[in-house]
Every structure is written in structure tokens, then in C-alpha cells.
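Okay, thanks for coming, everyone. Let me put the model up on the screen and then we can walk through it together.

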Amino acid sequence: MRGRPKQEITRDIVYKVRLNAEEDHVLTCASEWTGQAKSEVFRKALQGYYKAVEAQKCKEDKSLEEAGWPIDHISLDRLIKCPRQDCGEEFVVDFTDYSEDNESEGPMGCRCEHTFDTDEIECPECHRRIRVRGTISEYPIGAYEYEDITISEG
């Protein structure tokens with residue numbers, strides 16, 4: 001009888017994680033829905049979180065203020081999820097290049113709605129196009145007001 005085949009990437013570091021009942025339910029559902037082991041769900045979640053933090057760190061490291069650019073508006077970076085059931089990859093998209101800004105005046109100053117409708121975004125995992133439509137609003141400038149984002153297959 002043979003044992004399990006050797007894997008190229010060995011996983012010899014062990015972490016013990018305590019979950020409450022709700023977290024266990026979420027993990028179990030994610031595992032069942034994707035057909036992946038719970039450990040694989042954790043790994044994918046870790047990768048998604050890492051990518052989001054990495055994108056934020058990269059933006060901070062650019063030091064735009066030192067380069068003379070004003071930092072007034074809220075970030076348009078959003079963590080989105082591939083809508084394909086066989087993928088579900090989460091990744092960060094900066095909607096700055098896709099948005100059209102509409103400004104109006106209110107009692108507290110200027111309101112800016114960043115509106116976008118694009119099918120140019122590609123999932124880094126399955127490489128399929130994704131259509132994203134929505135609005136991210138700040139009012140007054142620099143303060144998050146609301147967002148309404150719809151993601152569908154391209």
C-alpha cells in the first residue's frame with residue numbers, strides 16, 4: 001500500500017485557530033460550497049487578505065504628498081470577488097482609472113460621487129473578464145458617505 005504522494009510545497013508549519021460557532025458555520029459553508037478543504041479555504045482567505053493589505057501598503061509607500069499631489073479624496077481601492085462560482089477569487093481593484101467624478105454642493109460642502117461601469121477588469125485567478133458597475137460617494141470631500149457596487153460576469 002502506498003502513502004500520499006509527495007507534494008512540491010511542504011506544509012510543516014502548524015497553527016491552531018479557535019473559532020466561535022458562527023465562524024465555524026461560515027468556514028463549513030465555504031468549504032462545502034467550494035468543495036475545498038477547510039485548510040484550503042483558510043489559505044485562500046489569507047492570500048486575499050494579504051493582497052488587500054499589500055495594495056494599501058503600496059499606496060502608502062508611494063508617498064504622494066511628498067511628490068506634491070494633494071490627498072483629499074477617499075481611496076477608491078475595493079476588495080472585490082470574482083462572480084464565477086468555480087473561482088471566487090478576492091482581489092483589490094483601484095477604481096480611480098475607471099471612474100467619472102460628479103461633484104455637487106451640499107450644506108456641508110462639496111459631494112463627490114465616483115461612478116464607474118467597466119468590463120475591463122480581469123480576475124487574476126481565472127483570467128475571465130468581470131463587469132463592475134457602481135458609485136462610491138464622499139461627502140464632504142474626504143469623508144466616506146456610501147457605496148453601491150454590483151459585480152457580474154463580463
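Before anything else, one cut-off: when I say buried I mean under 20% relative accessible area, exposed is over 50%, and partly exposed is whatever falls in between. And keep in mind that this is a predicted model.

So, take Glu145. Its relative accessible area is 31%, so it goes in the partly exposed class. Who does it pair with? Glu145 makes a salt bridge with Arg111, with 2.9 Å between the closest N and O atoms. Glu145 sits in strand β6 and Arg111 in strand β4, residues 109-122, so this pair ties together parts 34 residues apart in sequence. Arg111 is partly exposed as well, at 22% relative accessibility.

That's one of the salt bridges; the structure holds eight. Let me show you two others.

Stay on β6, which covers residues 144-153, and go to Glu153. Glu153 forms a salt bridge with Arg84, and here the closest N and O atoms are 3.0 Å apart. This pair links distant parts of the chain: Arg84 is in the loop between β1 (77-81) and β2 (90-94), and the two partners are 69 residues apart. On accessibility, Glu153 comes out at 45% and Arg84 at 25%, so by the cut-offs I gave you both count as partly exposed. What I like here is that salt bridges with shared partners join Arg84, Asp86, Arg128 and Glu153 into one network.

Now over to helix α2, residues 38-61. The side chains of Glu40 and Arg43 meet in a salt bridge there, 3.1 Å from N to O. How far apart are these two in the helix? Three residues, so about one helical turn separates them. Why does that spacing work? An α-helix has 3.6 residues a turn, so residues three or four places apart point the same way. Both ends of this bridge are partly exposed: Glu40 has a relative accessible area of 27%, and Arg43 is at 29%.

Okay, helix α1, residues 21-34. At its start, a side-chain oxygen of Asn20 reaches to within 3.1 Å of the backbone nitrogen of Glu22. After the helix comes Gly35, with a positive phi, near 70°. What about its length? With 14 residues at 1.5 Å a residue, α1 should span 20 Å, and its end C-alpha atoms are 20 Å apart, so that agrees.

Which residues of α1 are buried? Leu27, Cys29 and Ser31 are. Let's zoom in on Ser31, which has a relative accessible area of 12%. Setting aside neighbours within four places in sequence, Ser31 is in contact with Gln36, Ala37, Lys38 and Val41.

And Val41 brings me to the last stop, the largest pocket, since Val41 is among the lining residues that lie nearest its centre. The others in that nearest group are Ala30, Thr34, Lys81 and Gly88. In total 25 residues line this pocket, and its volume is about 750 Å³. Which elements give two or more residues to the lining? Those are α1, α2 and β1.

That's my tour. If you want to see any of it again, just shout and I'll rotate the view.

Technical notes: Residues are numbered from 1 along each chain as its sequence is written. This is a predicted model: local features need pLDDT of at least 70, side-chain atom pairs count only at pLDDT 80 or more; totals for chains, interfaces and linings use all residues. Side-chain values use heavy atoms; hydrogens and water are left out. A salt bridge is a side-chain nitrogen of Lys or Arg within 4 Å of a carboxyl oxygen of Asp or Glu. Helices (H or I, at least four residues) and strands (E, at least two) are DSSP runs, numbered from the N terminus. Buried means under 20% relative accessible area, exposed over 50%, partly exposed in between (1.4 Å probe, protein chains only). Contact means heavy atoms within 4.5 Å. The expected span of a helix is 1.5 Å times one less than its number of residues. A polar contact is a pair of N or O atoms within 3.5 Å; within protein, one must be able to donate a hydrogen and the other to accept it, and residues adjacent in sequence count only if both atoms are side-chain atoms. On a 1 Å grid over the protein atoms alone, a cavity is a set of points where a 1.4 Å probe fits but cannot get out, and a pocket is an open set with protein on both sides within 12 Å along at least five of seven lines; lining residues have an atom within 4 Å of a point. Grid points are joined across faces, edges and corners, and a volume is the space filled by probe spheres set on the points.
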